[in-house]
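These are my notebook entries from a session of looking things up in one structure, written for someone who has not met it before.

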Amino acid sequence: MLASLIVLLPLVGSLLAGILATRGGIRAFTSAEHDTHNPRDTRAFRGRDIFAAAVTTVPMILSALLSCFLYLTLGDAVIHETLFTWIRSGALEVSWAVYVDRLTAVMFCVVTLVSAAVHVYSLGYMRGDRSLPRFMCYLSLFTFFMLSLVSADNFLQMFFGWEGVGLCSYLLIGYWHERGAANAAAVKAFVVNRVGDVGFALGIAGVFALFGTIEFRAVLGEAGEHTAATWNLLGFDVPALTAICLLLFVGAMGKSAQLGLHTWLPDAMEGPTPVSALIHAATMVTAGVFMVCRLSPMFELSAFALGVVAITGALTAIFAGTVALVQNDIKRIIAYSTCSQLGYMFFAAGVSAYGAAIFHLTTHAFFKALLFLGAGAVITALHHRQDIRAMGGLAHALPLSCAALWLGSLALMGVGIPGLTLGLAGFFSKDAILEAGWAAGGFTGWLVYVLGLAAAVLTAFYSLRLLFVVFHLPQDAAAAASARAEEEAAHADTDTHEHDAHDEHDDIREPSRWMLYPLGFLSIGAIFAGAYLHHDFVGEHAAEFWHGALSYAHDPLAAAHGHIPFWVKLSPVAMGVVGAIAAVLLYFVMPARRAALTTKFARAHRFLMHKWYFDEIYNLVFVRNTWRAGGLFFRGGDKGTIDRFGPDGASLAASQWGKCLRILQSGYLYHYALAMLAGLVLLMGWMLIQARF
Amino acid sequence: MPLLSLIVFLPLVGVLFLLLLRGPEEAVARNAFWMALWVSSVTLLLSLAAWFAYDGERGGFQLVEENLWIPQLGLGYRLGVDGISLPFVVLSALLTPLVILASRSIRTRVRDYMILFLVLETFMLGTFCALDLLLFYVFFEGVLIPMFIIIGVWGGPRRIYSAFKFFLYTLLGSILMLLGFLYIWSAAGTANIMELAEGLSLDPVTQRWLWLALFASFAVKMPMWPVHTWLPDAHVEAPTGGSVILAGVLLKLGGYGLLRFSLPMLPEASEFFAPLVFVLSAVAISYASLVALVQDDMKKMVAYSSVAHMGFVTAGMFTFTRQGVEGAVFQMVSHGVLSAALFLVVGVVYDRTHSRLISSYGGLVRTMPRYAVLFMIFMLGSVGLPGTSGFVGEFLVILGAFRVSGVLAFFVALGMVLGAVYMLSLYRRVIFGVPGSGAPLSDTDWREVVIFLPLAFLTLLLGVWPGVLLDMTGPSVDGLLSLMGR
């Protein structure tokens with residue numbers, strides 16, 4: 001009952017806000033009546049807004065409190081509430097259920113706590129927005145889908161939540177629907193996710209074909225009996241379990257923005273910043289990691305699939321880290337950082353350290369949400385300017401935001417003191433992951449360990465670069481001007497003039513209380529979450545803590561516990577220091593070298609600026625060819641072939657035959673007489689010939 | 001009480017009254033509208049009564065009426081429904097009053113328009129209720145005539161071309177089907193579909209020829225690639241009501257025919273030709289989705305999406321698995337609701353601007369928020385989002401398809417991606433963005449909302465609680481598969 005309540009409360013809030021949004025002249029669902037192009041004038045709350053805020057935020061906070069209560073009291077118990085049957089067709093039986101074990105309880109806390117913080121923050125950030133009820137409705141709806149994803153007891157309900165969060169992500173990215181870029185990003189996010197979801201859906205179909213059920217407990221329990229099963233695919237015999245795991249992992253890659261299917265995540269930053277914090281940093285994008293962990297007993301049985309998971313994760317960590325080095329949009333830098341950190345989680349899962357993956361997921365949720373919300377505070381203060389080149393020296397004007405971003409960044413970099421177990425949240429979890437990589441050994445283990453260390457250098461560098469440029473270095477006038485020009489060009493299509501009046505930094509203010517409280521709350525998480533949780537999540541008795549929710553068959557940490565050399569524990573922090581020194585050198589000690597380096601490695605710089613050219617290549621290969629194929633089929637196929645030789649051809653032939661035959665029907669008696677005569681002659685001639693022989 | 005006869009022929013009774021209407025033109029038009037609305041609404045209620053009278057757990061044919069007509073020849077007037085046909089009876093009975101409600105933009109020959117739709121309703125209901133080969137054939141082909149006239153009289157500028165194309169395509173198939181029926185009837189000595197389904201056993205070679213003859217007709221109606229090109233033209237030129245019935249019900253006749261005749265009566269041939277059907281379905285899904293992408297006419301885009309969605313149906317049906325076949329039936333019903341709704345959605349803005357071009361719209365959400373919400377629901381259903389009816393059918397089909405072949409399942413699933421691409425880009429271009437230069441359009445009025453609400457409700461209901469339909473179809477699908485020896 002309690003668990004169902006946690007899931008359903010946000011839905012109730014969402015429905016109430018939704019009704020509110022569609023009623024009241026329905027104007028709320030749109031920005032219909034608003035005449036200016038600025039969707040965020042700073043008018044006071046109106047009555048409807050207050051009501052919408054209350055009916056969504058209060059249930060959300062309640063849900064968060066209940067989640068914490070559930071987490072603390074759950075113990076080793078498992079709650080399994082079946083609500084009613086969803087789909088029943090022959091052997092297939094799927095229920096709506098709430099299934100809570102330790103893993104779900106942890107996810108409940110992460111999702112509801114961050115969501116509650118974001119709900120409150122939004123009241124400040126979206127203040128005066130014309131359609132606040134709609135926004136709150138989407139946020140709560142998202143939370144509901146996310147909770148039903150993590151509390152699923154079967155693959156299909158997970159898929160329901162999976163696509164549901166995708167829908168909310170689509171709606172929220174495109175929230176400012178008059179912006180062309182926002183709409184494009186929303187569609188892109190949905191479609192790229194759909195590509196991944198096809199993998200997921202096929203994986204589910206594969207599970208059903210192999211196991212005859214899609215209930216988690218049955219499937220995970222029986223998985224060991226099907227290790228020898230193979231499927232014939234295009235003549236190849238593929239091991240069925242590996243195929244299933246890889247298909248499911250394609251789904252995880254799409255949702256968690258892993259290399260290849262990551263292109264939607266940076267674009268998703270077109271959405272309002274609270275959305276980026278909740279959906280595109282803390283919760284939805286971690287769904288893929290959650291899925292792999294939830295299915296860990298099955299993934300354990302396929303070494304190949306695990307290797308793919310680990311290497312994809314490590315490559316993503318490196319790739320996204322390098323791209324983040326040179327980006328200029330504050331939100332995109334953090335987005336690439338998210339992408340990179342998700343890579344860490346996958347590589348932990350790939351080396352069977354599921355506890356470490358969930359640990360990093362949890363700590364990351366806090367400090368990354370903090371980073372985004374802090375960035376949102378800066379963006380609000382600057383009247384929705386996001387290019388860091390147009391910022392600079394803001395530390396004095398925005399001390400609190402500056403502190404929040406510093407704290408988030410330090411937690412992200414994993415600052416702490418090895419050996420003393422003293423550090424910020426990221427210190428513990430990143431450490432656990434890298435240790436796991438080292439302990440796993442073998443080719444995969446070493447590869448991901450080295451790549452992970454390299455990514456740690458990058459993390460420190462891009463985090464500090466962001467902080468320095470935004471807060472501590474004076475604004476570079478030339479760069480700021482070019483940034484402004486670019487921004488205006490980008491927004492030319494929507495004729496947004498919101499920046500014009502606010503070019504000076506004179507009216508920069510710290511955000512309102514609504515935005516500060518959540519920042520404070522998340523700061524607590526970013527500082528203490530690691531120290532508080534690491535014993536349970538990755539400590540010596542982690543296997544008992546997770547109590548079967550995660551597979552501990554091959555956990556490298558448990559195996560190597562106590563035998564990890566000190567230099568391995570030291571290495572992540574050391575790498576962070578290397579990155580930090582590089583950043584300080586390039587931005588404070590000898591800034592001139594920076595420009596020199598950029599020109600010296602212009603090609604590499606361009607490569608990174610263009611994000612390894614993924615978008616360009618995809619456009620060239622997939623998007624353009626898809627449209628070209630559509631045009632070809634339509635003009636060449638339907639019109640050129642089928643119609644031409646089918647119905648049109650037939651009717652043309654009929655009418656032409658008709659024309660030919662019409663000549664015969666001249667209406668002149670002598671023509672007919674002649675024809676009769678000719679016929680008679682032919683007939684008689686034939687008969688005569690017949691008689692002769 | 002002969003419930004089914006009442007359902008089938010009540011609209012014809014309404015036609016009689018419509019013919020008797022006299023008076024000034026405007027009054028006749030108004031009375032015709034209300035008359036047709038009432039008659040079709042009562043028919044809907046009766047069909048719901050049949051739904052509840054049917055014992056879903058028992059399955060099989062129920063509410064059977066049988067009157068021998070020419071006993072010597074085994075011909076008779078036989079009506080009855082099972083779990084597969086009953087949903088379509090209700091669907092047809094639901095869509096007709098909605099279409100009549102949506103006929104506000106019809107200004108000329110209103111009475112004739114209403115008469116034709118009621119005649120059409122009788123034929124549609126008759127097709128789904130008929131349990132006699134001859135009776136089925138008469139209803140099945142009869143549907144063509146009112147639809148042909150509706151397109152030809154109330155259609156757009158190229159209506160004559162489209163009407164004839166529609167007629168030519170479907171007639172070609174019908175002739176072959178008639179020959180097939182004649183052969184079956186002479187071979188079995190009866191035209192009773194219930195007996196034929198259980199007792200017809202022909203040698204495999206004959207089965208194949210017959211299968212092809214029937215398939216020619218059903219494939220055109222479906223429509224399957226490559227005999228689909230009549231559909232976009234017919235949809236584009238037809239008035240909104242015509243498109244709705246065409247997409248909502250007429251496209252289901254083909255699939256229903258395959259389920260009623262080809263699968264149970266010609267099981268060996270069905271298995272023999274299954275690979276062919278799979279290839280055609282896979283092509284239909286990807287080809288039609290790609291073509292839908294490049295359309296600039298909204299109706300044409302929805303029409304091509306119908307071709308793609310019907311590809312799911314055929315793919316699922318010929319897997320001969322419980323999930324596949326049930327998914328196919330579910331997908332047909334769901335598509336009946338969704339495509340009907342989408343054509344009505346297009347009709348709303350067409351009534352206001354008389355343009356079907358996507359490019360003439362933009363930013364509609366500003367002035368039409370209610371419309372945007374309704375459109376969103378149907379768009380998501382068409383995309384197959386879990387929680388909407390579109391998902392259940394597609395997913396069951398994928399489950400069934402995967403058991404047959406991973407490659408087939410891949411192509412079916414590919415439709416999910418392409419479907420998202422064209423529907424979302426349609427929605428984005430029409431609803432979002434910056435409004436065009438024209439005068440702002442008014443939001444949906446109460447009549448339009450009344451039309452959309454039941455469809456939106458069904459979309460969500462079938463998505464969240466598909467058991468309503470699956471419990472009805474399940475036993476009958478099981479029965480069908482056991483007839484096939486599965």
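The entries below cover a pocket, a hairpin and a single serine, in that order.

Entry one, the pocket. Bearing in mind that I am working with a predicted model, I looked up the second largest pocket and found that about 1,500 Å³ of space lies in it. I noted that 48 residues line this pocket, and that the closest to its centre are Leu15(A), Leu141(A), Val373(B), Ile377(B) and Leu460(B). I then asked which elements supply at least two residues each of the lining. From chain A they are α1 (2-22), β1 (79-89), β2 (92-100), α4 (132-150) and α5 (155-173), and from chain B they are α15 (369-383) and α18 (446-464). The largest share, eight residues, comes from α1(A). Sorting the lining by residue type, I recorded 36 nonpolar, nine polar and three charged residues.

Entry two, the hairpin. In chain A, I followed strand β3 (residues 230-233) and strand β4 (residues 236-239), which pair in the antiparallel sense over four bridges. The two strands form a hairpin with two residues between them, and Leu233(A) stands opposite Phe236(A) of β4(A). In the turn I marked Leu234(A), whose phi is positive, at about 50 degrees.

Entry three, the serine. Is Ser5(B) buried or exposed? I wrote it down as buried, because its relative accessible area is 14%, which is under the 20% cut-off. Ser5(B) sits in helix α1 (residues 3-20) of chain B, and, leaving aside neighbours within four places in sequence, it is in contact with Leu10(B), Glu65(B), Tyr77(B) and Leu79(B).

Definitions and conventions
Residues numbered from 1 in each chain as written. Chains lettered and ligands numbered in written order. Predicted model: local features only at pLDDT ≥ 70, side-chain atom pairs only at ≥ 80, totals over all residues. Heavy atoms only, no water. Buried < 20%, exposed > 50% of the residue type's maximum accessible area, 1.4 Å probe, protein only. Contact = heavy atoms within 4.5 Å. 1 Å grid on protein atoms, 1.4 Å probe; cavity = no way out; pocket = protein on both sides within 12 Å on 5 of 7 lines; lining within 4 Å. Points joined across faces, edges and corners; volume = space filled by probe spheres on them. Nonpolar A, V, L, I, M, F, W, Y, C, P; charged D, E, K, R; others polar. Pairing = 2+ DSSP bridges.
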